[in-house]
Amino acid sequence: MPYSGFSLDGKVALVTGAARGIGAALAAGLAEAGANVAVSDMTTRLELARDTQSRVEAAGVKSATYPLDVLDINSISPVIGRIVDDFGKLDILINNAGIRIRKPALEVTEADWDATLDTNLKGLFFCAQAAARPMIAQGWGRIINIGSQFSAVGSVDRAPYIASKHGVAGLTRALAAEWAQFGVTVNAIGPGPTETPGMLAADDRTPEQVQADLDYRMPLGRRMQPHELTGAALYLASPAANATTGHLLLVDGGWTAL
Ligand code: NDP
């Protein structure tokens, strides 16, 4: 008999920042494993988010698209309430929405700092809090925060981003400690460099400079593709991971192994 521990049949997932990149790939991956998926992104990205919805529906599960800007803290609970009404429950949150600003620490402005920390850490926390309420009420839930390899190590020219992603690792442990008793696990995935529209737009180096950097820092020797993060998300979302909580699962092509 096939092992059923990885099946997400009948589960309901919400993915933030799912219009493109890693969020879109994870939404499609959850759907292929049987989950119904609520797709969300900022109002300005809804057309693209509906493309993700179409990818999800192509897997034969239910989907819908919701405007959700994680900077708008007061809107988060109402959107999650709508999702619970529309889908009947919420089992899995993929806390994916995030931004990056690359510049030397000496040039970082207060606005850079606030935008990065407010999106990557504050918004992520309030999405987790709002999702945890119905999960705790039903006694089962999976919160998966998208961190980074920079949740574990540092680098140059990314001080607010690295602070936010280290914060994601710490917050993951804190929430895991509080909510395990209610059947809600909280874990993080730490992707390494992954080819997404946002990542490519923030990188103004030549292909030769990029490859030299990857040869030096990343044993895999290439950037990852978003779908290469799907297995990690499916594991953490599945019944197979019942006892895994507070974990940072690095999927970084070996970046942090060096
Ligand atoms: P993309 O920029 O390609 O996609 C992110 C999506 O999130 C976009 O649709 C973006 O909209 C949306 N978003 C941004 N701000 C908000 C907000 N306030 N509320 C809701 N949605 C928002 O990024 P990636 O797919 O590369 O990144 C996804 C996650 O993975 C991020 O948390 C990132 O830090 C993390 N990550 C990515 C890595 C990589 O190499 N790609 C490596 C390590 C971690 P808009 O386009 O309008 O900004």
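This passage describes the ligand site, one helix and four individual residues of a predicted model.

The ligand sits in the largest pocket. Its surroundings comprise 31 residues. Of these, Asp 41, Arg 45, Tyr 161, Thr 194 and Thr 196 come nearest. Three helices, α1, α5 (159-179) and α6 (197-201), each supply at least two residues of the shell around the ligand. The most comes from α6, which gives three residues.

Polar contacts to oxygen atoms of the ligand involve both side chains and backbone. A polar side-chain atom of Tyr 161 lies 2.7 Å from a ligand oxygen. For Arg 20, an N or O atom of the side chain is 2.8 Å from an oxygen atom of the ligand. Gly 198 contributes through its backbone, where a polar atom is 2.9 Å from a ligand oxygen. Taken alone, the ligand exposes 890 Å², and the protein buries 94% of that area.

Strand β2 spans residues 36-41 and contains Ser 40. Ser 40 counts as buried because its relative accessibility is 0%, where the cut-off for burial is under 20%. Its side chain has a polar partner in the backbone. A polar atom of that Ser 40 side chain lies 3.0 Å from the backbone oxygen of Val 15. Beyond residues up to four places away in sequence, Ser 40 touches Leu 14, Val 15, Thr 16, Gly 17, Ala 18 and Ala 19. Tyr 66 and Leu 68 are also among its contacts.

A second serine, Ser 75, lies in helix α3 (residues 73-87). Its relative accessible area is 19%, so Ser 75 is buried. The side chain of Ser 75 reaches the backbone oxygen of Asp 72 at 2.8 Å. With residues up to four places away in sequence set aside, Ser 75 touches Leu 68 and Asp 69. Leu 68 thus recurs: this residue touches Ser 40 and also Ser 75.

Helix α8 (residues 230-237) is mostly covered. Six of its eight residues are buried. These are Thr 230, Ala 232, Ala 233, Leu 234, Leu 236 and Ala 237. Their cover includes one helix, α1 (21-32), together with the strands β4 (92-95), β5 (141-146), β6 (184-191) and β7 (248-251). Helix α1 therefore has two roles in this description: α1 helps to cover the buried residues of α8, and α1 supplies at least two residues of the shell around the ligand. In an α-helix, residues three or four places apart point the same way, because there are 3.6 residues a turn.

Gly 5 lies in the segment before β1 (12-15). Gly 5 is buried, because its relative accessible area is 9%. Its contacts, not counting residues up to four places away in sequence, are Ser 238, Pro 239 and Ala 240. Gln 225 is 220 residues from Gly 5 in sequence. In space, the C-alpha atoms of Gly 5 and Gln 225 are 25 Å apart.

The remaining residue, Asp 157, is found in the loop between β5 and α5. Asp 157 has a positive phi of about 65 degrees, although it is not a glycine. Its relative accessibility is 33%, so Asp 157 counts as partly exposed. Of the elements that flank this loop, β5 is part of the cover over α8, and α5 supplies at least two residues of the ligand shell.

Note on methods. Residues are numbered from 1 along each chain as its sequence is written. This is a predicted model: local features need pLDDT of at least 70, side-chain atom pairs count only at pLDDT 80 or more; totals for chains, interfaces and linings use all residues. Side-chain values use heavy atoms; hydrogens and water are left out. Helices (H or I, at least four residues) and strands (E, at least two) are DSSP runs, numbered from the N terminus. Buried means under 20% relative accessible area, exposed over 50%, partly exposed in between (1.4 Å probe, protein chains only). A polar contact is a pair of N or O atoms within 3.5 Å; within protein, one must be able to donate a hydrogen and the other to accept it, and residues adjacent in sequence count only if both atoms are side-chain atoms. Contact means heavy atoms within 4.5 Å. A residue is near a molecule or strand if one of its heavy atoms lies within 4 Å of it. Accessible areas come from the Shrake-Rupley method with a 1.4 Å probe; for residues, only the protein chains shown count as cover. On a 1 Å grid over the protein atoms alone, a cavity is a set of points where a 1.4 Å probe fits but cannot get out, and a pocket is an open set with protein on both sides within 12 Å along at least five of seven lines; lining residues have an atom within 4 Å of a point. A molecule sits in a cavity or pocket if more than half of its atoms lie within 2 Å of its grid points.
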